[in-house]
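These are my notebook entries on a single protein and its ligand. I set down what I looked up, one topic at a time.

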Amino acid sequence: MDLELTQAQLDMQKLARDFAEKDLLPGVVERDEKGEFPLELFKKFGKTGAYGYPHAEAYGGLGGSYVGYALAVEEISKVDASFGIAFSVDTSLYGGSIVNSSAPDEIKKKFLAPIAYGEKIGSFGLTEHTAGSDAAGCKTVATQQEDGSWIINGSKCFNTNGPLADFTVIYSLTDPALGTKGMAAFVVEKGTPGFTVGKVENKMGIRCAQVSDMHLDNVHVPAENMIAPPGKGFQLAMKTLDGGRIGVAAQGLGIAEGAFEIARKYMMERQQFGKPICKQQYLAFKMAELQTKIEAARLLLYRAALAKDTGKPYSVPAAMAKLTCTNVAMEVTTEAVQMLGGNGFMKDYNVERMMRDAKITQIYEGTNEIQKLVISGPIFR
Ligand code: CAA
């Protein structure tokens with residue numbers, strides 16, 4: 001068993017770490033305050049090919065590993081979790097939908113290559129106001145026309161990158177009577193008549209990530225934009241979410257590590273009762289527990305990413321990684337606020353933002369209760 005990272009993975013980790021520290025850290029507090037997405041920085045990082053890093057070169061990706069991708073999301077999220085989820089949705093949920101699909105290779109390349117280098121942005125439209133955890137309850141409908149093209153009607157919600165996206169994968173029923181057995185998937189391009197951005201959400205955390213409703217009112221989509229035929233859309237969504245959950249796990253791990261490091265440094269400097277507070281054994285032992293949990297979460301994350309890279313089943317490993325990393329993110333950030341005392345509650349010290357950002361990681365891309373559903377199923381099979 002080899003737990004060493006490859007040189008290519010270390011290079012990707014360093015690339016993301018340098019970008020996070022030099023480009024993302026300045027201004028992260030102000031961006032959170034204003035809820036502004038750093039579009040120019042997103043494009044700048046995209047020039048490295050990062051958003052296509054784990055995808056095949058044949059489709060315009062870099063042909064890297066999922067482990068390397070997870071490392072990059074982790075590094076980015078140590079500093080700016082909003083940027084981390086925009087990256088993850090672009091690569092895992094949008095890019096994953098394309099590469100996992102049954103679309104012809106030239107269509108995959110058409111819709112993936114511009115995303116890989118940040119020239120275009122992607123989004124993933126599955127959730128609806130009445131179909132959250134029960135993703136099968138989707139009501140958006142696509143109706144085929146005589147010439148083979150499709151007309152789509154419906155609404156999606158909580159679309160990360162929605163307001164920015166050039167391409168959105170829309171999961172739609174083609175025959176409501178068939179439910180998910182008739183679900184298909186389409187790439188809908190920005191500017192297509194009838195395809196509009198709805199309410200842009202004002203959020204508790206990941207405030208810079210742009211999240212919105214997307215409305216489809218008689219949206220005409222060419223036949224070639226159908227990336228999963230009727231009956232294959234739900235499986236595509238589920239398979240893609242397995243990969244997405246590795247991205248969210250990496251985001252959670254990064255948030256936990258970022259908050260841990262801030263607390264660690266603070267505890268070595270902050271003097272109370274005549275000594276640094278890290279000399280209080282109760283606090284030092286708390287940090288020992290948190291570091292142990294972070295390391296355990298890291299192993300689950302890298303194991304899930306490695307399973308995907310090596311063609312092994314990764315649905316359950318991804319759910320375990322997502323469940324554990326995001327719970328650790330919530331615990332570490334909450335404890336970090338406490339370690340910093342009154343300062344922890346203040347925006348300048350970053351940990352209160354990280355605590356707010358951590359919360360959503362336990363909810364999106366399948367709540368942690370849904371992860372337990374995914375994990376528990378095979379236990380009793
Ligand atoms: N991979 C491939 N296929 C899968 C699969 C997987 N991981 N899981 C299930 N399927 C297939 C099944 O084999 C089955 O296929 P058949 O019909 O051919 O037999 C079909 O999908 C239905 O399976 P289930 O009966 O298990 O499906 P279900 O309706 O009971 O739902 C669920 C299962 C796990 C609860 C699923 O609904 C789920 O994951 N819900 C959570 C949805 C979610 O994660 N939403 C997040 C959206 S993205 C987001 O968060 C926003 C963002 O922008 C960040």
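The entries below go from the overall fold to the ligand, and then to the pocket and the cavity.

**Entry 1. Overall form**

I noted at the start that this is a predicted model. I then looked up the secondary structure and found 12 helices and 10 strands in the protein. Next I looked up the radius of gyration, which is 21 Å, close to the 21 Å that the globule rule gives for 381 residues, so the protein is as compact as a globular protein of that length. I also recorded the box filled by the C-alpha atoms, which is roughly 80 × 45 × 35 Å along the principal axes.

**Entry 2. The ligand and its polar contacts**

Which residues come nearest to the ligand? I found 23 residues around the ligand, and S133, K181, D242, R245 and E365 are those that come nearest. I then looked up individual atom pairs. For S133, a backbone N or O atom lies 2.8 Å from a nitrogen atom of the ligand. For T160, a polar side-chain atom is placed 2.9 Å from an oxygen atom of the ligand. For E365, the backbone again takes part: one of its N or O atoms lies 2.6 Å from a ligand oxygen atom. I next checked how far the ligand is covered, and the protein covers 67% of the 1100 Å² of accessible area that the ligand has on its own.

**Entry 3. The shell around the ligand**

I asked which elements give two or more residues to this shell, and they are strand 3 (150–160), helix 7 (233–269) and helix 12 (368–379). Helix 7 gives the most, with seven residues. By class, I recorded 11 nonpolar, seven polar and five charged residues in the shell.

**Entry 4. The largest pocket**

I looked up the volume of the largest pocket, and about 850 Å³ of space lies in it. The pocket is lined by 38 residues, of which T127, I363, Y364, E365 and G366 are the closest to its centre. E365 had already appeared in my notes among the residues that come nearest to the ligand. At least two lining residues come from each of helix 5 (81–100), strand 1 (122–125), strand 3, helix 7, helix 11 (351–361) and helix 12. Helix 7 supplies the largest share of this lining, five residues. I divided the lining by class and obtained 21 nonpolar, 10 polar and seven charged residues.

**Entry 5. The cavity**

How many cavities of 30 Å³ or more does the count give? I recorded one. The largest cavity holds about 40 Å³ of space. Its lining consists of V29, D32, E33, K347, N350, E352, R353 and R356. Helix 2 (28–34) and helix 11 each supply at least two of these lining residues. I sorted the lining by class as one nonpolar, one polar and six charged residues.

Definitions and conventions
Residues numbered from 1 in each chain as written. Predicted model: local features only at pLDDT ≥ 70, side-chain atom pairs only at ≥ 80, totals over all residues. Heavy atoms only, no water. Near = heavy atom within 4 Å. Polar contact = N/O pair within 3.5 Å; in protein donor to acceptor, adjacent residues only side chain to side chain. Areas by Shrake-Rupley, 256 points an atom, 1.4 Å probe, with all protein chains shown as cover. Helix = DSSP H or I, 4+ residues; strand = E, 2+ residues; numbered from the N terminus. Nonpolar A, V, L, I, M, F, W, Y, C, P; charged D, E, K, R; others polar. 1 Å grid on protein atoms, 1.4 Å probe; cavity = no way out; pocket = protein on both sides within 12 Å on 5 of 7 lines; lining within 4 Å. Points joined across faces, edges and corners; volume = space filled by probe spheres on them. Rg over C-alpha atoms; globule rule 2.2 N^0.38 Å.
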